[in-house]
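Okay everyone, thanks for coming. I'd like to walk you through one structure today, so let me put it up on the screen.

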Amino acid sequence: MIKKLLFFLLLTAIFAACKKDSMAPVNGSVDDAAFNDYEKHFLDEFWKLNPDWGTSVGYHKYDSILLIPDKKYRTKLVDFAKIQLDSLGKFQPTTFLQTNKMDYAIMQNQMNYMIWQVQQLKQYEWDPSSYNVIGTFAYMLNEHYSPLSKRLTNFYQKMANIPAYYKEAEKDLKNPVPELMDLAIEQHLGGLGVFEADFADSLKKTNIPEATKKLMLDRAKLSADAIKGYTEFLKTMKNDHPRSFRLGKDLYEDKFKYEIQSAKTAQQMYNAAVERKKFIHHEMAKLSVKLWPKYFGTKPMPSDSLEMIGKMIDTLSASHVKPDEFQSAIVNELPKLRAFVAQKDLITLDPTKPLEVRKEPGYMAGVAGASMSSPGPYDAGQNSYFNVGSLSGWPAEKAESFLREYNQYILQILCIHEAIPGHYAQLVYANKAPSMIKSIFGNTAMVEGWAVYSEQMMLDAGFGDNAPEMWLMWYKWNLRSVCNTILDYSVHCQNMQKQTALALLTHEAFQQQAEAEGKWKRVSVTSVQLDSYYTGYKEIMDLRDDYKSKMGDQYKLKDFNEKFLSYGNAPVKLIKDAMLAKEVKKN
Ligand code: ZN
Ligand code: ZN
């Protein structure tokens, strides 16, 4: 999974459309130039309204600002979006370069999404966890983007509004969702250390005068008190008619439309996922029958095919590295993947953009496994890191369960997904197609879909020597994405109950009880997020079929891969329009 910080949108000012007064760029029309000019102004104003989001993507001009999420603010947010939609309406996107056409559609979607969030979704009324200042403060302490004393000074100034921020939250909440109340309490108490300890520790490392330090620490105490006060408020709040955590079908379809930006509806994707699950079970059964004698000899096969598959998976999971070999196993995997991609001519990997592997930084500890840290759009020149967690100090039982999950087969698939040719390769291509809009409003379904697609693409090309073990394990892994979609839709739109959900995950997706419980918790505090993996994967596979028909004899897998990635982090449906267009315009 890619590390991504989510922030509550904040807003302060209003922006008027800019004039079309720029010079034409080399490759585009006067309209393209005017549009690029407008994009810059748009972002300048956007960050004033969304300082926390700005901080998280490397735009640090408003680091010291904490906006109060009140009604006035929400009105400004809607006004801003309406003005932008109006400004966008003055352009003729049909004449634009492909990349600007996509930016245009993404901006339009984003503005409509903002209005919909305020007017329809109204999460500020029912989601106590949507109010949380801690993430940005922690980010300012931990990311070394500017000198420590400067970051701490901004931290100090930003803290001034924390008490008012939570007073407003208490005022605006109406019939909140109980699961989200618990989450808010848990997250706020869990993050208190940022104000009660981490800030003070960081202050010690600076030469800020003692008297100033004292003021800063006093404010940190007030901030911690405000946060504790908020959790007390939530614990004692009278809440006789709480909203259900289930989003409901109408809101769900809309949210899916704005967030996933698929050409299909959520229901269509759900239906496709149900079909996919059947197909995978069928394939898994065939593979398990084939493998049975090798691992079980003449022992009779269970007559229930899901039970037989489960036994096979369980047996294969025992093949895993030792806890202290986990990091080196991942490091050793990467050159193999690089070599395979080159040998099969699947995609060109830029040798000047090496992937740096690092041990997981301390503040990310606990997120075991592996993840990519990519530079934000405002510091795109910096390195991408492949963070690999260590299992040192883990209790033996926990390590064993983790290693069974990330057994020798899944470990290879994980490296494909996160690194080559998954997230890392995608990022390198995205950085070559510089578009602030696509980086900032990056489409998670495209990003995750590519990573999932790349796993299958590698196996199809013969990675893992077509071993049935490898395919069986990949199907299990792929089933997780598929069942994420089934689960999310069923729970939020079809009232699926916990017991049914757990049965789906453990019985039909072969997950451990603990993993299934964790997924249930996630689905009860998020919505639509879990759809991105399968939806993106499915749309890319479908697009590839269409592209194959379009290209006929000229089709080459490598061309498809590179062309697909060349557009950057755009929704697959927009890439599809570009790739299937009759006359392919120069970019
Ligand atoms: Zn991922
Ligand atoms: Zn073991």
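Let's start with a question: which protein donors does the zinc ion (ligand 2) have? Before I answer, keep in mind that this is a predicted model. The donors are His320, through NE2, and Glu400, which is listed with OE twice. They lie 2.1 to 2.7 Å from the zinc ion.

Now look at where those two residues sit. His320 is in the loop between helix H14 (305-317) and H15, while Glu400 is in helix H16 (residues 396-405), so the pair ties together parts that are 80 residues apart in sequence. Are they buried or exposed? Somewhere in between: His320 is partly exposed, at a relative accessible area of 24%, and Glu400 is partly exposed too, at 35%.

Okay, on to the other zinc site, ligand 1. Here the zinc ion is coordinated by His417 (NE2), His423 (NE2) and Glu448 (OE), at 2.1 Å. If you like reading spacings, the donors follow H-x5-H-x24-E in sequence. His423 lies in helix H18 (residues 423-432) and Glu448 in helix H20 (residues 444-460), so this pair ties together parts that are 25 residues apart in sequence. And how covered are those two? His423 is buried, with a relative accessible area of 0%, and Glu448 is buried as well, at 6%.

Next up, salt bridges. As a bit of background, side chains of opposite charge can pair when their charged atoms come close. How many salt bridges does a search of the whole structure find? It finds 35, and I'll show you a few of them.

Take Glu186 and Lys521, whose side chains meet with an N to O distance of 3.0 Å. Glu186 belongs to helix H9 and Lys521 to helix H23 (residues 513-525), so this pair ties together parts that are 335 residues apart in sequence. Glu186 is partly exposed at 46% relative accessibility, and Lys521 is partly exposed at 39%.

Now try Lys221 and Asp225, which also form a salt bridge, at 3.0 Å from N to O. Both of these sit in helix H11, four residues apart, or about one turn of the helix. Asp225 counts as partly exposed, at 34% relative accessibility.

One more pair: Glu405 and Lys476, where the closest N and O atoms are 3.5 Å apart. This salt bridge links distant parts of the chain, with Glu405 in helix H16 and Lys476 in helix H21 (residues 468-494), 71 residues apart. Salt bridges with shared partners join Glu405, Lys476, Arg480 and Glu515 into one network. Both Glu405 and Lys476 are buried.

Let's turn to helix H6, residues 134-142. How many of its nine residues are buried? Seven, so you can call this helix mostly covered. Among the buried ones are Phe137, Tyr139 and Met140. And what covers them? The list includes helix H2 (51-56), helix H7 (148-159), helix H8 (162-172), helix H9 (178-191), helix H10 (193-204) and helix H11 (210-236).

Last stop: Gln327, over in helix H15 (residues 326-343). This residue has a relative accessible area of 16%, and buried means under 20%, so Gln327 counts as buried. Leaving out residues up to four places away in sequence, Gln327 touches Lys359, Val388, Gly389 and Ser390.

That's my tour, so have a look around the model yourselves, and thanks for listening!

Technical notes. Residues are numbered from 1 along each chain as its sequence is written. Chains are lettered from A and ligands numbered from 1 in the order in which they are written. This is a predicted model: local features need pLDDT of at least 70, side-chain atom pairs count only at pLDDT 80 or more; totals for chains, interfaces and linings use all residues. Side-chain values use heavy atoms; hydrogens and water are left out. Donors are N, O and S atoms within 2.8 Å of the metal (3.2 Å for Na, K and Ca); water is not among the atoms, so sites may look incomplete. Helices (H or I, at least four residues) and strands (E, at least two) are DSSP runs, numbered from the N terminus. Buried means under 20% relative accessible area, exposed over 50%, partly exposed in between (1.4 Å probe, protein chains only). Contact means heavy atoms within 4.5 Å. A salt bridge is a side-chain nitrogen of Lys or Arg within 4 Å of a carboxyl oxygen of Asp or Glu.
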